[in-house]
Amino acid sequence: MVSSENPNPKSPTPDLIVATSSSALFDMNESDQVFREDGVVAYRRYQVDREDVPLEPGPAFSFIRKLLATNQMMPPNADGRDRIEVVLLSRNSSDTGLRVLHSTRHHGLPITRAAFTGGRAPYRYMRAFGCQLFLSTRLEDVRNCLEQKLPAAQLLSSGPSQADNPGLNIAFDGDSVLFSDEAERIYQSAGLDAFSRMEQENASRPLMGGPMKPFLSGLHGIQSQFAESECPIRTALVTARSAPAHERVIKTLRSWGIHLDEALFLGGQTKAEFLRAFEADVFFDDQLSHCEAAQDVVATGHVAHGVSNLR
């Protein structure tokens with residue numbers, strides 16, 4: 001689990017720190033095409049020549065904007081810092097990254113911390129910044145994060161805009177996302193009956209945490225600062241589980257001291273229409289097929305973790 005503790009007690013960290021790559025935050029398709037076809041020198045020249053041309057929003061943009069807007073509804077930390085922070089972790093160099101930072105200002109995103117790594121893996125700085133989540137469009141970076149127990153997701157789409165809904169709705173799958181893949185392994189190796197039997201027998205034994213637990217814990221910390229009826233952030237579990245396998249999930253969350261606003265036990269039904277009804281801004285799932293089915297409805301993050309994602 002990623003610790004959010006700051007080694008300097010005189011400088012409290014935000015309650016929630018999310019990292020995003022530049023290609024998740026902004027649409028970098030045209031820029032990336034220049035890099036692929038003409039190389040790094042042409043790419044650098046292309047970005048420098050367009051430093052003052054703002055990039056268009058990418059798949060993480062709406063989620064990040066709403067997340068940062070939550071700061072306006074809360075008092076700052078004791079040192080005056082916002083309680084939610086977003087950090088840029090980018091493979092751009094400082095030269096080519098200047099356009100990205102200009103774009104954050106153009107779009108009114110208060111992002112001040114960044115690491116531009118000149119092509120090297122940017123997630124190396126997650127622990128140093130204290131991040132509870134890294135959003136990227138690059139599967140390799142996401143896999144490497146998850147292998148090092150760092151929460152990450154590959155954003156596949158931006159989904160339709162939820163701009164008309166001022167709140168921020170975040171949906172999670174359960175097994176291999178919020179929870180470990182221990183139950184999913186039984187299901188895939190021994191079938192539904194064995195899975196159901198194991199879950200009933202272990203209903204009071206909490207599941208181990210999955211890769212997105214640190215992010216959920218950070219969100220819960222933000223939510224706890226609001227009266228329940230006034231909180232702008234809502235969370236939901238959207239899982240293929242059904243009764244009686246629901247009991248272990250509920251008791252696991254209870255043992256963590258985490259409350260989810262909604263829990264949908266779908267018994268294998270397709271998730272897309274439920275995500276639409278929840279008005280989800282972003283959805284995280286470990287199974288690529290579930291992500292592909294949902295990506296036209298919601299910004300979808302593939303958490304490439306667990307038995308369903310073995311290489």
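Is Cys291 buried or exposed? The points below take this up along with two helical features of the model, which is predicted.

1. Cys291 has a relative accessibility of 0% and therefore counts as buried. Cys231, at 16% relative accessibility, is also classed as buried, because the cut-off is under 20%.

2. On disulfides, the count for this model is zero. Cys291 takes part in none; its nearest cysteine sulfur belongs to Cys145 and lies 16 Å away. A disulfide would need the two sulfur atoms within 2.5 Å.

3. Helix α10 covers residues 213-223, and eight of its eleven residues are buried, so the rest of the structure largely encloses this helix. The buried positions are Lys213, Pro214, Phe215, Leu216, Gly218, Leu219, Ile222 and Gln223. Lys213 and Gln223 are thus listed as buried along with Phe215 and Leu216.

4. Helices α2 (residues 29-38) and α3 (residues 40-49) pack with their axes coming within 7 Å and crossing at roughly 150°. Angles over 145 degrees count as roughly antiparallel, and α2 and α3 are therefore roughly antiparallel to each other. Their crossing is right-handed.

5. Which residues make the contact between α2 and α3? From α2 come Glu30, Ser31, Val34, Phe35 and Asp38, and from α3 come Val40, Ala42, Tyr43, Tyr46 and Gln47. Sorted by class, this contact holds six nonpolar, two polar and two charged residues.

Terms used. Residues are numbered from 1 along each chain as its sequence is written. This is a predicted model: local features need pLDDT of at least 70, side-chain atom pairs count only at pLDDT 80 or more; totals for chains, interfaces and linings use all residues. Side-chain values use heavy atoms; hydrogens and water are left out. Buried means under 20% relative accessible area, exposed over 50%, partly exposed in between (1.4 Å probe, protein chains only). Helices (H or I, at least four residues) and strands (E, at least two) are DSSP runs, numbered from the N terminus. Axes are lines fitted to C-alpha atoms, for helices over the stretch in contact, and angles run from 0 to 180 degrees between N-to-C directions. Angles under 35 degrees count as roughly parallel, over 145 as roughly antiparallel, 65 to 115 as roughly perpendicular and the rest as oblique. A crossing is left-handed if the near helix is turned anticlockwise from the far one by less than a right angle, and right-handed if clockwise. Contact means heavy atoms within 4.5 Å. Ala, Val, Leu, Ile, Met, Phe, Trp, Tyr, Cys and Pro count as nonpolar, Asp, Glu, Lys and Arg as charged, and the others, Gly among them, as polar.
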